[in-house]
Amino acid sequence: MTNVDGGRISVFLGGPFEGLLGPDGMDSGARDLYQALIEHLESAGCEVFSAHRNEDWGRALLPPSECTSIDFDAVSSCDVFVAIPGDPASLGTHVEIGWASALGKPLVLLTGSAGARCALVRGLETVAAVDWVTFEAGQTDFSEVVACVLRRTGHVATPRTRAERAS
Ligand code: 5HM
């Protein structure tokens with residue numbers, strides 16, 4: 001699967017981090033979720049940037065003076081931004097959502113079924129291309145997320161509308 005430049009589709013994967021840290025980094029439940037997402041995306045041929053993985057699941061945390069510009073560059077260069085806004089909300093992920101939408105990136109956002117969303121995230125569709133995917137604790141199948149990423153990068157034919165067919 002390639003992007004418009006013929007390279008691999010690059011995905012930025014964000015989500016709650018600091019709030020999930022225990023004495024030995026993220027616990028296995030939290031880690032499993034990100035690992036399953038990464039695995040699905042990489043199996044589909046995507047290149048995934050994950051600060052959670054890069055920082056060894058919280059055991060090798062970078063200071064703000066380093067991770068901020070690394071994350072900004074990764075959001076700037078991604079083809080699709082995928083994130084879990086978090087409930088409770090992840091402050092860092094919300095900064096990244098702001099960057100991604102301002103940079104014109106398509107967003108795939110994952111929420112729990114009862115996930116609260118702030119007003120500017122509820123209204124994000126008015127300024128950015130957003131897909132919402134619901135997930136549950138313990139879920140391991142993220143093919144819907146992959147499908148959104150592929151669709152947003154033009155890899156899956158979307159049925160034409162009646163108006164398009166008629167023209
Ligand atoms: O506020 P919170 O830690 O939940 O923010 C998470 C987001 O900030 C992640 O998507 C990650 O990309 C970024 N982040 C990071 O890259 C956050 C921290 C803070 O622990 C970090 N590196 N060390």
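**Entry 1: the ligand**

I started at the ligand, and of the 17 residues around it, Gly-14, Glu-18, Ala-51, Ser-90 and Gly-92 come nearest. I then asked which elements give two or more residues to this shell, and they are α3 and α4. The top contributor is α4, with 4 residues. I sorted the shell by type as well: 7 residues are nonpolar, 6 polar and 4 charged. A reminder to myself: this is a predicted model.

**Entry 2: helix α3**

Next I looked up α3, which covers residues 64–77. Do its ends sit where 14 residues at 1.5 Å each would put them, or what distance do I find instead? The expected span is 20 Å and the end C-alpha atoms are 20 Å apart, so the two agree.

Which residues of α3 are buried? I noted Asp-71, Ala-74 and Val-75. Looking down the helix axis, I found the buried residues within an arc of 95 degrees, so they line one face of α3. On the other side, I listed Ser-65, Glu-66, Ser-69, Asp-73, Ser-76 and Ser-77 as exposed. The buried residues pack against β1 (10–14), β4 (47–50), α2 (51–54), β5 (80–83) and α4 (91–102).

**Entry 3: helix α4**

I went on to α4, since it gives the most to the ligand shell. Its 12 residues should span 16 Å at 1.5 Å a residue, and I read 17 Å between the end C-alpha atoms, which agrees. Gly-92, Glu-96, Ile-97, Ala-100 and Ser-101 are the buried residues here. They fall within an arc of 165 degrees when seen down the axis of α4, so they too line one face of their helix. Gly-92 also belongs to the residues that come nearest the ligand.

What covers the buried residues of α4? The cover includes β1, α3, β5, β6 and α5 (119–122). Just after the helix I came to Gly-104, with a positive phi near 75 degrees.

**Entry 4: the core**

I turned to the largest nonpolar core, which has 40 residues. Val-11, Phe-12, Leu-13, Phe-81, Val-82, Val-145 and Val-149 touch the most other members. At least two core residues come from each of β1, α1 (28–43), β4, α3, β5, α4, β6 (107–111) and α6 (143–152). With 5 residues, α1 gives the most. I jotted down the background: in soluble globular proteins, nonpolar side chains tend to be buried together.

I picked Phe-12 for a closer look. Setting aside neighbours within four places in sequence, I found Phe-12 in contact with Phe-49, Ala-74, Val-75, Cys-78, Phe-81 and Val-82. Ala-74 and Val-75 are already in my notes as buried residues of α3.

**Entry 5: backbone oddities**

Most residues other than glycine have a negative phi, and most peptide bonds are trans. I went looking for exceptions.

The bond that joins Asp-87 and Pro-88 is cis, with omega about 10 degrees. I placed Pro-88 in the loop between β5 and α4.

Asp-56 has a positive phi near 50 degrees and is not a glycine. Trp-57 also has a positive phi, about 55 degrees, although it is not a glycine. Asp-56 sits in the loop between α2 and α3, and Trp-57 is in the loop between α2 and α3 too.

Are they buried or exposed? Asp-56 has 11 C-beta neighbours inside 10 Å, so I put it down as exposed. Trp-57 has 22 other C-beta atoms within 10 Å, so I marked it as buried.

Definitions and conventions: Residues are numbered from 1 along each chain as its sequence is written. This is a predicted model: local features need pLDDT of at least 70, side-chain atom pairs count only at pLDDT 80 or more; totals for chains, interfaces and linings use all residues. The expected span of a helix is 1.5 Å times one less than its number of residues. A residue is buried if 20 or more other C-beta atoms lie within 10 Å of its own, exposed if 12 or fewer, and partly exposed in between; C-beta atoms are placed from the backbone. The arc is that of the directions from the helix axis to the C-beta atoms. Two residues are in contact if their C-beta atoms, placed from the backbone, lie within 7 Å. A nonpolar core is a set of buried Ala, Val, Leu, Ile, Met, Phe, Trp, Tyr and Cys residues joined through C-beta atoms within 7 Å. A residue is near a molecule or strand if its C-beta atom, placed from the backbone, lies within 6 Å of it. Ala, Val, Leu, Ile, Met, Phe, Trp, Tyr, Cys and Pro count as nonpolar, Asp, Glu, Lys and Arg as charged, and the others, Gly among them, as polar.
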